[in-house]
Amino acid sequence: MRLHGYFRSSASWRVRIALHLKGISVDQVSHHLRRGEQRAPDYLTINPQGLVPALELPDGSVLTQSLAIIEWLNDVYPRPPLLPDHPVQRAKVRAFVQVIAADTHPVQNLKVLNALRQLGHDETVVERWAADVNIAGLEACEALIDGQSGPYCFGVTPTIADICLVPQMGNARRFGVDVRQFPRLLEREAAALVLDAFIMTAPDRQPDAE
């Protein structure tokens, strides 16, 4: 398998974590987002949306969108599971994940921030936008795990929730958010960050890190 990504892409980091948790090795191909390499014609034949990550399978199939890739991995490689067995808990995990992947990350990513710049907003406004979006999402996530047992977001093993949380906490810090206001999330992040799957896949450990 071949994973197309970028070291600083939090969506790519999610997939790297999931692959590592599953014990799956892949070839990695980097597409520098700030140079627009994800919009190169040859890559658009792989992912017409021009985004990372994309996972090429041995049979030539291509999977896109980080959560779809992770769910596929969980279906095909069920151990260790990345979703709880109980349907209600599964739904809660998926809801937590969507707060990050659907409502937070997309509106603070490079494409949106560049659009704000093109509309004439100065860098202070752009950075404030990104910080506020992160704060709103993380406030919701902090509330969603209230009453959940640890050490991870939803119990004693890491799930897709932890896979999404750790990169998003990194994003929040990049935009100057004081994450000390999210004590539950900090505890879950700390538990995850002692695991090799989170350590070895971190952006600064990637071969394309700048």
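A residue counts as buried under 20% relative accessible area, as exposed over 50%, and as partly exposed in between. The structure open in the viewer is a predicted model.

**Stop 1: aromatic rings**

Select Trp72 to begin. Trp72 has a relative accessibility of 23%, so the residue counts as partly exposed. Add Tyr77 to the selection; at 31% relative accessibility, Tyr77 is partly exposed too.

A search of the whole structure finds three aromatic pairs. One of them joins Tyr6 and Phe7, with 4.9 Å from centre to centre and 65° between the planes, an edge-to-face arrangement. Tyr6 counts as buried because its relative accessibility is 4%. Phe7 is buried as well, at a relative accessible area of 5%. Now go back to Trp72 and Tyr77: their ring centres lie 6.2 Å apart and their planes stand at 75°, so this pair is also edge-to-face.

**Stop 2: His32**

Keep Tyr6 on display and select His32, in the loop that runs between β2 (27-30) and α2 (41-44). Is His32 buried or exposed? Its relative accessible area is 9%, so His32 is buried. Which residues does His32 contact, leaving aside neighbours within four places in sequence? They are Tyr6, Glu37, Gln38 and Glu210. Tyr6 is thus a contact of His32 and a member of the ring pair with Phe7.

**Stop 3: Val62**

Move to strand β4, residues 62-64, where Val62 is found. With 32% relative accessibility, Val62 counts as partly exposed. Show what surrounds this residue: apart from neighbours within four places in sequence, Val62 is in contact with Ile46, Ala54, Leu55 and Glu56. Then select Arg2 and draw a line between the two C-alpha atoms. Val62 and Arg2 are 60 residues apart in sequence, and their C-alpha atoms are 9.4 Å apart in space.

**Stop 4: helices α4 and α7**

Two packed helices are described by the angle between their axes and the distance between the axes. Select helix α4, residues 87-101, together with α7; the two pack at an angle of about 20°, and their axes are 9 Å apart. That angle makes α4 roughly parallel to α7. The crossing of α4 past α7 is left-handed.

Show the side chains at this contact. From α4 come Val93, Phe96, Val97 and Ile100, which meet Ile160, Ala161, Cys164, Leu165 and Gln168 of α7. Eight residues of this contact are nonpolar, one is polar and none is charged.

**Stop 5: helices α7 and α8**

Keep α7 (residues 160-174) selected and add α8 (residues 183-192). At what angle do the axes of these two helices cross? They cross at roughly 110° and come within 10 Å. This makes α7 roughly perpendicular to α8. The crossing of α7 and α8 is left-handed.

On the α7 side, the contact is made by Asp162, Leu165, Val166, Met169 and Arg173. On the α8 side, pick out Leu185, Leu186, Arg188, Glu189 and Ala192. Six residues of this contact are nonpolar, none is polar and four are charged.

End on Leu165 of α7, which takes part in the contact with α4 and in the contact with α8.

Key
Residues are numbered from 1 along each chain as its sequence is written. This is a predicted model: local features need pLDDT of at least 70, side-chain atom pairs count only at pLDDT 80 or more; totals for chains, interfaces and linings use all residues. Side-chain values use heavy atoms; hydrogens and water are left out. Axes are lines fitted to C-alpha atoms, for helices over the stretch in contact, and angles run from 0 to 180 degrees between N-to-C directions. Helices (H or I, at least four residues) and strands (E, at least two) are DSSP runs, numbered from the N terminus. Angles under 35 degrees count as roughly parallel, over 145 as roughly antiparallel, 65 to 115 as roughly perpendicular and the rest as oblique. A crossing is left-handed if the near helix is turned anticlockwise from the far one by less than a right angle, and right-handed if clockwise. Contact means heavy atoms within 4.5 Å. Ala, Val, Leu, Ile, Met, Phe, Trp, Tyr, Cys and Pro count as nonpolar, Asp, Glu, Lys and Arg as charged, and the others, Gly among them, as polar. Buried means under 20% relative accessible area, exposed over 50%, partly exposed in between (1.4 Å probe, protein chains only). Rings of Phe, Tyr and Trp (its six-membered ring) pair if their centres lie within 6.5 Å; planes under 30 degrees apart count as stacked, over 60 as edge-to-face and the rest as tilted.
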